[in-house]
Amino acid sequence: MPLLELTDLRVHYGGIEAVKGISLAVEEREIVTLIGGNGAGKTTTLRAISGIKRPTSGSIAFRGKRIDGQPAHQVAKLGIGHAPEGRRIFGRMSVRENLEMGLYAAGRGGATGVKASFDRVFALFPRLAERQRQAGGTLSGGEQQMLAIGRALMTRPEVLLLDEPSMGLAPIFVERIFDIIREINEQGTAVLLIEQNAHMALSVARRGYVIESGSIVLSDEAGKLLGNEQVRKAYLGEE
């Protein structure tokens, strides 16, 4: 049984069908990437999983139990973390307060669990430990991305949804973010990754899906997708 499974998922915005009956799965402790162009339905898919956007039809199952239609705070409590596109941190709140919001969202409590969550995030992101009292909005773009991922990890998720983690970052930060994604996965957290840098995404993932105009058009092991001529031309910028 997959850890996370989408079956014939459809999502509408008014009269527009943004996701057209897609099916995909994420197994325990694996990284899966969903690649595609702008407007293909990638972000909508993650928003449906995390409870931000209600699906029109189809199902979303986590550990075999349907979660589609549940509100976002309930989904977070189940063990699904989400670092959204654009980071969406609280700019006027301190780094520590932003991280505490992750705990609040998932209803995590207890001094031991809270300390363990902070220890894990600060071990992954030492810069956040150094800037705990600094306002989130004053951080660099790379540091804000670290904060967004760290906030999602505070919920101690079993699967982490990452939406464009390298967007707008300098190359040195991109490399660091992907090293951290690998480390998070090695610690036992499954990852569903959306990423504009398809080469980096397929390099870190075990499997991948290609989505076009709201439909899955291709799926395979990540290494095979890297060598696929169609993928290379469309998403890797190669002739």
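Phe118 and Phe122 both sit in helix H4 (residues 111-124), four residues apart, or about one turn of the helix. That's a handy way into this structure, which is a predicted model. Confidence across the protein averages a pLDDT of 91, and 95% of the residues score at least 70. Below is a quick tour of the rings, the cores, the sheet and a few backbone oddities.

**How far to trust it**

- Strand S4 (residues 57-62) is where confidence is highest, with a mean pLDDT of 98.
- Helix H3 (residues 95-106) is at the other end, with the lowest confidence at a mean of 83.
- As a general habit, coordinates shouldn't be read in detail where pLDDT is low.

**The ring pair in H4**

- How many aromatic pairs does the count come to? Just one aromatic pair turns up.
- The pair is Phe118 with Phe122: the ring centres are 5.7 Å apart and the planes meet at 35°, so this one goes down as tilted.
- An α-helix has 3.6 residues a turn, so residues three or four places apart point the same way.
- Phe118 has a relative accessibility of 4%, so it counts as buried.
- Phe122 comes in at 14% relative accessibility and therefore counts as buried, because the cut-off is under 20%.
- Phe118 has company on its face too: Arg96 lies over the ring, 3.9 Å from its centre.

**Phe125 and the largest core**

- Move along from H4 and you'll find Phe125 in the loop that leads to helix H5 (126-130).
- Is Phe125 buried or exposed? Its relative accessible area is 1%, so Phe125 is buried.
- Setting aside neighbours within four places in sequence, Phe125 is in contact with Met146, Ile149, Gly150, Leu153 and Ile180.
- Ile177 is 52 residues away from Phe125 in sequence, yet their C-alpha atoms are 9.9 Å apart in space.
- The largest nonpolar core has 46 residues, and the ones touching the most other members are Phe125, Ile149 and Ile181.
- Which helix gives the most to this core? That would be H7, with seven residues.
- Ile181, leaving out neighbours within four places in sequence, is in contact with Ile31, Leu162, Pro165, Val191, Leu193 and Val204.
- There's another core apart from this one, made of 28 residues, including Val32, Leu34, Ile67 and Ala190.
- For background, nonpolar side chains in soluble globular proteins tend to be buried together.

**Ser166, a buried serine**

- Ser166 is in the loop between strand S7 (159-163) and helix H7 (171-186).
- With a relative accessible area of 5%, Ser166 is buried, because anything under 20% gets that label.
- Beyond neighbours within four places in sequence, Ser166 is in contact with Val174, Phe178, Glu195, Gln196 and Asn197.

**Helix H1**

- Helix H1 (residues 42-49) is mostly covered, with six of its eight residues buried.
- Which residues of H1 are buried? They are Lys42, Thr44, Thr45, Leu46, Ala48 and Ile49.
- Just after H1 comes Gly51, with a positive phi of about 90°.

**The sheet and its hairpin**

- Four strands make an open, antiparallel sheet, in the order S2-S1-S4-S5.
- S2 and strand S5 (65-66) are the edge strands, each pairing on one side only.
- Strand S1 (residues 4-13) runs antiparallel to strand S2 (residues 16-26), and eight bridges join the two.
- S1 and S2 form a hairpin with two residues between them.
- Where the hairpin turns, Tyr13 stands opposite Ile16 in S2, and Gly14 has a positive phi of about 65°.

**Positive phi outside glycine**

- Asp8 belongs to strand S1, and its phi is near 50°, a positive value in a residue other than glycine.
- Asp8 has 37% relative accessibility, which means it counts as partly exposed.
- Ser213 also has a positive phi, near 50°, without being a glycine.
- Ser213 lies in the loop between strand S9 (207-212) and strand S10 (215-221).
- Ser213 counts as exposed because its relative accessibility is 54%, and the cut-off is over 50%.

Note on methods. Residues are numbered from 1 along each chain as its sequence is written. This is a predicted model: local features need pLDDT of at least 70, side-chain atom pairs count only at pLDDT 80 or more; totals for chains, interfaces and linings use all residues. Side-chain values use heavy atoms; hydrogens and water are left out. pLDDT is the predictor's confidence in each residue, from 0 to 100. Two strands pair if DSSP finds at least two bridges between them. Rings of Phe, Tyr and Trp (its six-membered ring) pair if their centres lie within 6.5 Å; planes under 30 degrees apart count as stacked, over 60 as edge-to-face and the rest as tilted. Buried means under 20% relative accessible area, exposed over 50%, partly exposed in between (1.4 Å probe, protein chains only). A charge sits over a ring if NZ of Lys or CZ of Arg is within 6 Å of the ring centre and within 35 degrees of the ring normal. Contact means heavy atoms within 4.5 Å. A nonpolar core is a set of buried Ala, Val, Leu, Ile, Met, Phe, Trp, Tyr and Cys residues joined through side-chain atoms within 4.5 Å.
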